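The following exercises concern the strands and helices of one protein chain. Please attempt each task with the structure at hand before reading its solution.

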Amino acid sequence: MKAKVYFTREITPEKVVELYHKLGTGLPGRVAVKVHSGEKGNQNFLHPEFWKPMVDEVHGMIVECNTAYGDASGGVRDNTQSHWKLMEEHGWTKYFDVDIMDAEGPDVIWPVPNGKVLKENHLGKNILNYDSMLVLAHFKGHPMGGYGGALKQLSIGCASRAGKALIHSAGKTDDRFETWKRHAGSVEFPEAMADAAMSVAEHFKGRIAYVNVMKNLSVDCDCCAVAEDPCMKDIGMLASLDPVAIDQACMDLIIHSDDPGREHFMERVNSRNGIHTIEAAAELGYGSREYELIEL
């Protein structure tokens, strides 16, 4: 059967909750809610007020991990102290309990059986404290991956600093100070993302759900301190139990759009070989590119 992907053109906090309920699933126990908290200076990330009704609905804990880059990028999320301060500045701690999962080591290391590039994935150890996961993704472009959606949240989003270095270096090193021999546009980097995402999707199998919001469609990620303004109009929101299907559906909505900014957005995706992340994830077998889009 094709994966079900629910879609609405209405972008409101209340509609996120409605989308989630269409999935007909329950997230048991302690729920990790993976968001992108937004880099300092970024203007495009989705603020905590937008996600609050959904997080409250599942009584979830906001989870994040530290980044592998540092001051040279303009970012401040590469260490727990400044990352935590930014979470406060952006309002996350005002509304939610927050867990920076790799604030204290050692990392959890999960094997990646039959991975295309990675043999193991390094994650913040606190991920073991949760019974289920809700992945709330802001779908947009990305400087290295071409695009960011559910698969990026599972992979780079849940990885520790060492794990991020391992993914960015296509498995060559877990040293974040050596990792920026970048692999943007390569085959190996999207495959490493697909490998890492698989380990998280499989860990929470049957206890994980995904929401992608196609708003503020910049070619740059929320991890960019200096991000380009959105180049396309907002499209809508999607929900699914399949991380591959939901990202493919978002990509198809971009591709078939008549928005004048579509070519610019897709240039970023294609120049970074972004769709290969979806292809590789489907080949690994934890999701399908075949889906049924059900519009509310």
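**Exercise 1.** Determine how many residues of strand E7 (residues 132–138) are buried, and which way they point.

*Solution.* Strands are DSSP runs of E with at least two residues, and helices are runs of H or I with at least four, both numbered from the N terminus. Buried means under 20% relative accessible area, exposed over 50% and partly exposed in between, with a 1.4 Å probe and protein chains only. By this criterion, 7 of the 7 residues of E7 are buried. Ser132, Leu134, Leu136 and His138 point one way, whereas Met133, Val135 and Ala137 point the other way. In general, side chains of a regular strand alternate between the two faces of the sheet.

The model is predicted: local features need pLDDT of at least 70, side-chain atom pairs count only at pLDDT 80 or more, and totals for chains, interfaces and linings use all residues. Residues are numbered from 1 along each chain as its sequence is written, and side-chain values use heavy atoms, with hydrogens and water left out.

**Exercise 2.** Identify the strands that are joined to E7 by bridges, and place E7 in its sheet.

*Solution.* Two strands pair if DSSP finds at least two bridges between them.

1. Strand E2 (residues 31–34) runs parallel to E7 and is joined to it by 4 bridges; here Lys34 has Val135 as its bridge partner.
2. Strand E10 (residues 208–214) is also parallel to E7, with 6 bridges; Ala137 is partnered by Asn212.
3. The open sheet has 8 strands in the order E4-E3-E2-E7-E10-E11-E1-E12, with mixed pairing. Its edge strands, E4 (98–100) and E12 (291–295), each pair on one side only.
4. An antiparallel connection is found between E10 and strand E11 (residues 236–240), which share 5 bridges. Within it, Tyr210 stands opposite Ser240.

**Exercise 3.** Describe how helix H2 (residues 48–58) packs on the sheet.

*Solution.* Contact means heavy atoms within 4.5 Å. H2 touches E2, strand E3 (61–64), E7, E10 and E11. Axes are lines fitted to C-alpha atoms, for helices over the stretch in contact, and angles run from 0 to 180 degrees between N-to-C directions. On this scale, the direction of H2 makes about 170° with that of E7.

**Exercise 4.** Which residues of helix H10 (residues 275–284) are buried, and against which elements do they pack?

*Solution.* Of its 10 residues, 7 are buried: Ile275, His276, Thr277, Ile278, Ala280, Ala281 and Leu284. These pack against strand E9 (146–148) and helices H5 (150–154), H7 (188–203), H8 (243–255) and H9 (262–271). Just after H10, Gly285 takes a positive phi of about 95°.
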